[in-house]
Amino acid sequence: MIIRLENLNYIYNPNTPFEKKALDDINLSIEEGDFVGLMGHTGSGKSTLVQHLNGLIKPTSGKIIIDGMDITSKEANLKEIRQKVGLVFQYPEHQLFEETIYKDIAFGPKNLGLEEEEIHKRVKKAMELVGLNFELLKDRSPFELSGGQKRRVAIAGVLAMKPKVLILDEPTAGLDPKGRDEILGRIQKLYEEEGITIILVSHSMEDIARLVNRIIVMHKGKVAMEGKTREVFEQAEKLQEIGLGIPQVTSFMREYKGKGHQVRDDVLTVEEAKEELINYLRRRGNA
Ligand code: ADP
């Protein structure tokens with residue numbers, strides 16, 4: 001287990017008229033190698049939760065254990081925690097500031113006090129991981145790039161820290177379909193090839209269904225649902241109660257089954273639906 005939260009509570013502006021309980025008794029475990037989708041409405045507590053995981057916010061009460069380390073204890077080493085848990089904020093490209101892409105990605109590793117050679121290796125590898133050509137782009141200004149490319153530079157800056165856990169808060173927000181597919185493809189590859197634990201905050205049911213193996217649903221500061229991707233999306237009624245949906249294709253298959261067709265209604269992607277429909281038509285044809 002790489003992350004464990006025990007009775008975690010967080011209150012913004014305690015004892016003021018603006019007091020707001022943002023996290024209410026959260027208990028969660030995330031295993032090493034999980035790809036977790038974190039869902040929930042705006043204001044449900046997702047950002048507050050992920051900022052706890054790399055020590056940016058200290059809980060009002062409760063425990064946070066990261067890779068065996070109690071990060072809420074007085075002795076906790078925040079630098080070490082931030083190295084272990086990389087957090088990519090929403091619109092991370094707003095935080096680019098160096099005059100070259102190389103320098104921007106090297107910023108974190110440099111702060112760790114690493115040798116120049118190691119920094120070079122890490123920058124190169126991180127650029128490869130996000131699909132940016134090292135030789136071609138390293139000396140260019142990040143500000144010359146497209147929106148999607150800038151975002152990939154920002155993600156590379158976090159990857160260059162070699163985190164064990166990567167948290168991405170709405171990594172596709174504001175990108176065009178091509179930029180979105182490129183980023184999501186890179187994230188999927190990172191997960192498959194680097195074995196990194198990923199937490200993806202997203203509003204897109206389609207993206208979540210396609211990528212993650214576990215889902216956590218937040219609602220009003222609490223964990224409302226938690227489980228394997230298919231198990232969570234099978235509970236369409238409960239998701240609807242919270243005001244969330246299921247992937248369009250899952251919804252379609254549920255309706256189709258409702259009309260008396262004996263098909264699986266737990267499919268998550270268009271590919272799965274296609275396969276199931278072909279099988280169904282074959283079964284019917286043979287009957
Ligand atoms: P999400 O990421 O799911 O949109 P947040 O974690 O941002 O949710 O917010 C959870 C709750 O905490 C919301 O009610 C929000 O208004 C409140 N909140 C978030 N940030 C602050 C802040 N800096 N000061 C006061 N309240 C905040």
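**Entry 1: second largest pocket**

I began with the lining of the second largest pocket, where helix 4 (116–129) and helix 7 (177–194) each supply at least two residues. I noted that this is a predicted model. Helix 4 gives the most to this lining, with four residues. I found 15 lining residues, and Leu 159, Lys 162, Pro 163, Glu 194 and Ile 196 are the ones nearest the pocket's centre. By kind, I sorted the lining into seven nonpolar, two polar and six charged residues. The volume came out at about 230 Å³.

**Entry 2: largest pocket**

Next I looked up the largest pocket, which holds about 700 Å³ of space. Its lining has 24 residues, and closest to the centre I met Leu 87, Phe 107, Gly 108, Gly 157 and Val 158. Helix 2 (78–84), strand 6 (85–88), helix 3 (101–111) and helix 6 (147–159) give two or more residues each. Which helix gives the most to this lining? I found that helix 3 does, with five residues. The lining divides into 15 nonpolar, six polar and three charged residues.

**Entry 3: around the ligand**

Then I turned to the ligand, whose surrounding residues include Tyr 12, Asn 13, Lys 20, His 41 and Lys 46. Strand 2 (20–30) and helix 1 (46–53) each supply at least two shell residues, and helix 1 gives the most, with three. I counted two nonpolar, eight polar and two charged residues in this shell.

For contacts, I found a side-chain N or O atom of Thr 48 at 2.5 Å from a ligand oxygen. A backbone N or O atom of Gly 45 sits 3.0 Å from an oxygen of the ligand, and a polar side-chain atom of Tyr 12 is 3.4 Å from a ligand nitrogen. Alone, the ligand would expose 560 Å², and the protein buries 64% of that.

How values were computed
Residues numbered from 1 in each chain as written. Predicted model: local features only at pLDDT ≥ 70, side-chain atom pairs only at ≥ 80, totals over all residues. Heavy atoms only, no water. Near = heavy atom within 4 Å. Polar contact = N/O pair within 3.5 Å; in protein donor to acceptor, adjacent residues only side chain to side chain. Areas by Shrake-Rupley, 256 points an atom, 1.4 Å probe, with all protein chains shown as cover. Nonpolar A, V, L, I, M, F, W, Y, C, P; charged D, E, K, R; others polar. 1 Å grid on protein atoms, 1.4 Å probe; cavity = no way out; pocket = protein on both sides within 12 Å on 5 of 7 lines; lining within 4 Å. Points joined across faces, edges and corners; volume = space filled by probe spheres on them.
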